[in-house]
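The following exercises train the reading of a protein structure, one step at a time. Please attempt each task before turning to its solution.

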Amino acid sequence: MPNSMTQILTAAASGESASQQWYGGEGQFSVSGTFGGTAAVELQMSPDDGTTWIPVSGSSVTIADCKSFRLGTCDVRLAITNEHGTTSINGFITKTTGQWT
C-alpha cells in the first residue's frame, strides 16, 4: 500500500506549515511532539489560494492527537498557536483514499 502520509511540520516551534492543495474529501491530520506551555495546533483552510486562512471547526489539539476532517477543494495547513520555548511539534496530513502516491 502506498504511503499517503505527508509530513508538513517537522520539529516546529511556532508558525504555520507550508500549504497543501486539498482536492476535497475526508482526511486526517496527526500531530506529536512537545506541546510547551499552552501550545496548540489547528488545521486551517483557505478558500482563496492562501490569502485568507480560516480555522477548521473542532480541529485544535493541545496534545498528541489525530483528527478527521471533511473539506471541499481548498488549501490546508497546520498552525501552531500559543507556542512556548519548549514546543517542538511534528504534523502529518493524509487523504483517506491515498491522495499523495
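A residue counts as buried under 20% relative accessible area, as exposed over 50%, and as partly exposed in between, with a 1.4 Å probe and protein chains only. The structure is a predicted model, in which local features need pLDDT of at least 70, side-chain atom pairs count only at pLDDT 80 or more, and totals for chains, interfaces and linings use all residues. Residues are numbered from 1 along each chain as its sequence is written, and side-chain values use heavy atoms, with hydrogens and water left out.

**Exercise 1. Determine whether Gln 44 is buried or exposed, and describe its surroundings.**

Step 1. Locate the residue. Gln 44 belongs to strand β4; helices (H or I, at least four residues) and strands (E, at least two) are DSSP runs, numbered from the N terminus.

Step 2. Apply the cut-off. Gln 44 has a relative accessibility of 8%, so it counts as buried.

Step 3. Look for polar contacts, that is, pairs of N or O atoms within 3.5 Å; within protein, one must be able to donate a hydrogen and the other to accept it, and residues adjacent in sequence count only if both atoms are side-chain atoms. The side chain of Gln 44 has such a contact of 2.8 Å with the side chain of Glu 42 and another of 2.6 Å with the side chain of Arg 77.

Step 4. List the neighbours, where contact means heavy atoms within 4.5 Å. Setting aside residues up to four places away in sequence, Gln 44 touches several residues, including Glu 16, Trp 53, Ile 54, Asp 75 and Arg 77.

**Exercise 2. Describe how β4 is covered and which strands it pairs with.**

Step 1. Count the buried residues. In β4, 7 of its 7 residues are buried.

Step 2. Separate the two faces. Ala 40, Glu 42, Gln 44 and Ser 46 point one way from β4, whereas Val 41, Leu 43 and Met 45 point the other way.

Step 3. Identify the partners; two strands pair if DSSP finds at least two bridges between them. β4 pairs with β6 in the antiparallel sense over 7 bridges, and 2 bridges join β4 to β5, also in an antiparallel arrangement.

Step 4. Follow one residue. Met 45 stands opposite Val 76 in β6, and its bridge partner in β5 is Ile 54.

**Exercise 3. Identify the elements that contribute to the largest nonpolar core.**

Step 1. Recall the term: a nonpolar core is a set of buried Ala, Val, Leu, Ile, Met, Phe, Trp, Tyr and Cys residues joined through side-chain atoms within 4.5 Å.

Step 2. Find its central members. The largest core has 21 residues, and those that touch the most other members are Val 31, Val 41, Leu 43, Leu 71, Leu 78 and Ile 93.

Step 3. Assign the elements. β1 (6–12), β3 (20–34), β4, β6 and β7 each give two or more residues to this core, and β6 gives the most, with 6 residues.

Step 4. Examine one member. Beyond its neighbours within four places in sequence, Leu 78 is in contact with Ile 8, Phe 29, Val 31, Val 41 and Leu 43, among others.

**Exercise 4. How many disulfides are there, and why?**

Step 1. Apply the rule that a disulfide is a pair of cysteine sulfur atoms within 2.5 Å. The count comes to 0 disulfides.

Step 2. Give the reason. The closest cysteine sulfur to that of Cys 66 is in Cys 74, and because it is 17 Å away, it is too far for a bond.

Step 3. Compare the exposure. Cys 66 is partly exposed at 47% relative accessible area, whereas Cys 74 is buried at 6%.

**Exercise 5. Find and classify the aromatic pair.**

Step 1. State the test. Rings of Phe, Tyr and Trp (its six-membered ring) pair if their centres lie within 6.5 Å; planes under 30 degrees apart count as stacked, over 60 as edge-to-face and the rest as tilted.

Step 2. Apply it. The whole structure contains 1 aromatic pair. The ring centres of Trp 22 and Phe 69 are 5.0 Å apart and their planes are at 50°, so the pair is tilted.

Step 3. Place the residues. Trp 22 lies in strand β3 and Phe 69 in strand β6, so the pair ties together parts that are 47 residues apart in sequence. Both Trp 22 and Phe 69 are buried.
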